[in-house]
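Q: I'm new to this structure and would like to learn how to read it. Could you walk me through a few features?

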Amino acid sequence: MMPLRRGLLTLATLGLLAACTSIVPPAPGPGNASITPIQLTQAGILAAINGTRAANGKPPLRYNMHLESAARSQANLMAAKDTLSHNLGVSLRQRVTNAGYEGAVGENVAGGQNSLDEAIRGWLASPAHRDTLLSTKFQEFGLAVATVPGNRKSVYRTYWAFIAGGPYQAWN
């Protein structure tokens with residue numbers, strides 16, 4: 001019972017810190033004012049990802065802005081094309097290299113979830129996505145969410161991208 005209580009206290013503390021650092025997707029434009037973008041903070045993202053890892057006996061990951069940039073590129077591309085995919089003309093390796101990241105990477109994408117917790121639950125339910133999320137070979141990550149622009153009919157409306165990274169040596 002104590003580890004759960006301690007974890008909840010940690011999450012609550014990080015939640016209070018969330019107001020300090022904001023990472024938000026672009027605000028809706030004139031054509032899509034009725035769509036409320038999902039707003040995330042770096043502290044909230046760290047709490048959700050590392051809380052999940054801790055609950056599964058895994059060490060925490062550091063947040064990496066280069067990996068966030070690559071994840072944002074993918075989330076935005078999926079939303080623009082309204083397609084859930086790892087490769088929409090730009091590979092994961094190209095995206096992380098373009099974002100200035102060197103190292104081994106793994107990616108989880110999701111579509112249709114209304115919160116980060118829902119996206120995480122989906123990844124945990126899929127063995128390959130679970131492996132990426134909980135791998136001890138990765139040391140850092142970036143995450144982004146994007147919504148389909150405008151009020152047009154959409155397959156998923158919301159798209160998520162999580163990219164984990166670490167040294168190539170861990171995979172030898």
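Q: Let's start with one residue: where is glutamine 113 found?
A: Keep in mind that this is a predicted model. Glutamine 113 sits in the loop between strand E4 (104–111) and H5.

Q: Is glutamine 113 buried or exposed?
A: Buried is the word for a relative accessible area under 20%. Glutamine 113 comes out at 15%, so it counts as buried.

Q: Which residues does glutamine 113 touch?
A: Leaving out residues up to four places away in sequence, glutamine 113 touches Ile38, Glu118, Ala119, Thr158 and Trp160. Its side chain also reaches the backbone nitrogen of glycine 111, at 3.2 Å.

Q: Let's zoom out. How many helices and strands does the chain have?
A: The chain has six helices and six strands. Starting at the N terminus, the order is α-β-β-α-β-α-α-β-α-α-β-β. Of the 172 residues, 43% are buried. And if you take contacts between residues at least 6 apart in sequence, 68% of them join residues at least 24 apart.

Q: What pLDDT does the chain have?
A: Here's the general idea: where pLDDT is low, the predicted coordinates should not be read in detail. In this chain the mean is 82, and 78% of the residues reach 70 or more. Over residues 1–36, though, the pLDDT is below 50. That stretch has 38 contacts in the model beyond near neighbours in sequence.

Q: Now the aromatic rings: how many aromatic pairs does the structure hold?
A: In general, you describe a pair of rings by the distance of the centres and the angle of the planes. This structure holds five aromatic pairs. One of them joins tryptophan 123 and phenylalanine 162, with 5.8 Å centre to centre and 45° between the planes, and that pair is tilted. Tryptophan 123 belongs to helix H5 (residues 116–125) and phenylalanine 162 to strand E6 (residues 158–166), so the pair ties together parts 39 residues apart in sequence. Both rings belong to buried residues: tryptophan 123 has 2% relative accessibility, and phenylalanine 162 has 0%.

Q: Why is the pair of tyrosine 156 and tyrosine 159 edge-to-face?
A: Look at the angle: planes over 60 degrees apart count as edge-to-face. The planes of tyrosine 156 and tyrosine 159 are at 85°, with the centres 5.8 Å apart, so this pair fits that label. Tyrosine 156 is partly exposed at 33% relative accessibility, whereas tyrosine 159 is buried at 0%.

Q: Which residues form one aromatic cluster?
A: Tyr63, Trp123, Phe141 and Phe162 make up one cluster.

Q: How many salt bridges does the structure hold?
A: The general idea is that side chains of opposite charge can pair when their charged atoms come close. The structure has three salt bridges. In one, glutamate 140 meets arginine 62 at 3.4 Å, N to O. This pair links distant parts of the chain, 78 residues apart: glutamate 140 is in strand E5 (residues 140–147) and arginine 62 in strand E3 (residues 62–63). Glutamate 140 is buried at 13%, while arginine 62 is partly exposed at 47%.

Q: What about arginine 72 and glutamate 68: how are they separated?
A: They are four residues apart in helix H3 (residues 65–81), so about one helical turn separates them. Their side chains meet in a salt bridge at 3.1 Å, N to O.

Q: Which residue forms a salt bridge with glutamate 107?
A: That's arginine 95, with the closest N and O atoms 2.7 Å apart. Glutamate 107 is in strand E4 and arginine 95 in helix H4 (residues 92–98), so the pair ties together parts twelve residues apart in sequence. Glutamate 107 is buried at 9%, and arginine 95 is buried at 3%.

How values were computed:
Residues are numbered from 1 along each chain as its sequence is written. This is a predicted model: local features need pLDDT of at least 70, side-chain atom pairs count only at pLDDT 80 or more; totals for chains, interfaces and linings use all residues. Side-chain values use heavy atoms; hydrogens and water are left out. Helices (H or I, at least four residues) and strands (E, at least two) are DSSP runs, numbered from the N terminus. Buried means under 20% relative accessible area, exposed over 50%, partly exposed in between (1.4 Å probe, protein chains only). Contact means heavy atoms within 4.5 Å. Rings of Phe, Tyr and Trp (its six-membered ring) pair if their centres lie within 6.5 Å; planes under 30 degrees apart count as stacked, over 60 as edge-to-face and the rest as tilted. pLDDT is the predictor's confidence in each residue, from 0 to 100. A polar contact is a pair of N or O atoms within 3.5 Å; within protein, one must be able to donate a hydrogen and the other to accept it, and residues adjacent in sequence count only if both atoms are side-chain atoms. A salt bridge is a side-chain nitrogen of Lys or Arg within 4 Å of a carboxyl oxygen of Asp or Glu.
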